[in-house]
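Trainee: Hi! I've just opened this one and I'm new to it. Could you walk me through it?

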Amino acid sequence: MLIHDLKRPCSKCDGSAFQAGYDEWGSIQTNLQKLCPACSGKGYIFTELGKNLWKLYRPMIQELIREELEKKRGCSEVI
């Protein structure tokens, strides 16, 4: 499995994660957030396989992060 199987570049911003403006009814409208609205500033969009893997691994990753934060808090309380 390759990274390409999990995500693809955003077609709106061509993977740059930035969209300066967009054309609306023949005029240029500014994009105040400076993030691509299609990919939320990530530059990529998950494929169906990527979405399914993220659903599977996300709870485990969140748990690992929570445990590490608790360890760090525990160490700082001791000091």
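Mentor: Happy to! Let's start with Trp54, which is partly exposed, with a relative accessible area of 39%. Keep in mind that this is a predicted model.

Trainee: OK, which cluster is Trp54 part of?

Mentor: Ring pairs link Trp54 with Tyr44 and Phe46 in a cluster.

Trainee: How many aromatic pairs are there by the count?

Mentor: The count gives two aromatic pairs. Tyr44 and Phe46 make an edge-to-face pair, with 5.6 Å from centre to centre and 70 degrees between the planes. Phe46 and Trp54 make a stacked pair, with 6.5 Å between the centres and 20 degrees between the planes.

Trainee: Why quote both a distance and an angle?

Mentor: Because a pair of aromatic rings is described by the distance of the centres and the angle of the planes.

Trainee: And Tyr44 and Phe46, how accessible are they?

Mentor: Tyr44 counts as partly exposed at 22% relative accessibility. Phe46 is partly exposed too, with a relative accessible area of 24%.

Trainee: What sits over the ring of Tyr44?

Mentor: That would be the charged end of Lys7, 4.3 Å from the centre of the Tyr44 ring.

Trainee: Let me step back a bit. How many helices and strands does the chain have?

Mentor: The chain has two helices and four strands. Following the sequence, you meet them in the pattern α-β-β-β-β-α.

Trainee: What share of the chain is buried?

Mentor: Of the 79 residues in the chain, 14% are buried. The accessible surface of the chain is about 6,700 Å², and carbon and sulfur atoms account for 59% of it.

Trainee: What about contacts between residues far apart in sequence?

Mentor: Take the contacts between residues at least 6 apart in sequence: 56% of them join residues at least 24 apart.

Trainee: New topic: cysteines. How many disulfides are there?

Mentor: Zero, after a search of the whole structure.

Trainee: Why is Cys10 without one?

Mentor: Because the closest cysteine sulfur, in Cys36, is 3.7 Å from the sulfur of Cys10, which is too far for a bond. The cut-off for a disulfide is 2.5 Å between the sulfur atoms. Looked at from the other side, Cys36 is in no disulfide either, and its nearest cysteine sulfur is that of Cys10, 3.7 Å away.

Trainee: Are those two buried or exposed?

Mentor: Cys10 is buried, at a relative accessible area of 1%. Cys36 is also buried, with a relative accessible area of 1%.

Trainee: Where along the chain is Cys10?

Mentor: Look in the loop between strand 1 (7-9) and strand 2 (21-24).

Trainee: And what does Cys10 touch?

Mentor: Leaving aside residues up to four places away in sequence, Cys10 touches Gly15, Cys36, Ala38, Cys39, Gly43, Tyr44 and Ile45. You have already met Tyr44 in the ring cluster. You can also look at Lys42: its C-alpha atom is 8.4 Å from that of Cys10, with their positions 32 residues apart along the chain.

Trainee: Let's switch to charges. How can side chains pair up?

Mentor: Side chains of opposite charge can pair when their charged atoms come close.

Trainee: So how many salt bridges does the count give?

Mentor: The count is three salt bridges. In one of them, Arg66 pairs with Glu63, with the closest N and O atoms 2.3 Å apart. Arg66 also meets Glu70 in a salt bridge, at 2.5 Å from N to O.

Trainee: Where do Arg66 and Glu63 sit relative to each other?

Mentor: They are three residues apart in helix 2 (residues 48-78), so about one helical turn separates Arg66 from Glu63. Arg66 and Glu70 lie in helix 2 as well, four residues apart, about one turn of the helix.

Trainee: How accessible are those three?

Mentor: Arg66 is partly exposed at 37% relative accessibility. Glu63 is partly exposed at 32%, and Glu70 is partly exposed at 42%.

Trainee: What about Glu68 and Lys71?

Mentor: Their side chains meet in a salt bridge, 3.4 Å from N to O. Glu68 and Lys71 are both in helix 2, three residues apart, about one turn of the helix. Glu68 is partly exposed, with a relative accessible area of 41%, whereas Lys71 counts as exposed at 52%.

Trainee: Which residues form a network?

Mentor: Glu63, Arg66 and Glu70 are joined into one network by salt bridges that share partners.

Note on methods: Residues are numbered from 1 along each chain as its sequence is written. This is a predicted model: local features need pLDDT of at least 70, side-chain atom pairs count only at pLDDT 80 or more; totals for chains, interfaces and linings use all residues. Side-chain values use heavy atoms; hydrogens and water are left out. Buried means under 20% relative accessible area, exposed over 50%, partly exposed in between (1.4 Å probe, protein chains only). Contact means heavy atoms within 4.5 Å. Accessible areas come from the Shrake-Rupley method with a 1.4 Å probe; for residues, only the protein chains shown count as cover. A salt bridge is a side-chain nitrogen of Lys or Arg within 4 Å of a carboxyl oxygen of Asp or Glu. Rings of Phe, Tyr and Trp (its six-membered ring) pair if their centres lie within 6.5 Å; planes under 30 degrees apart count as stacked, over 60 as edge-to-face and the rest as tilted. A charge sits over a ring if NZ of Lys or CZ of Arg is within 6 Å of the ring centre and within 35 degrees of the ring normal.
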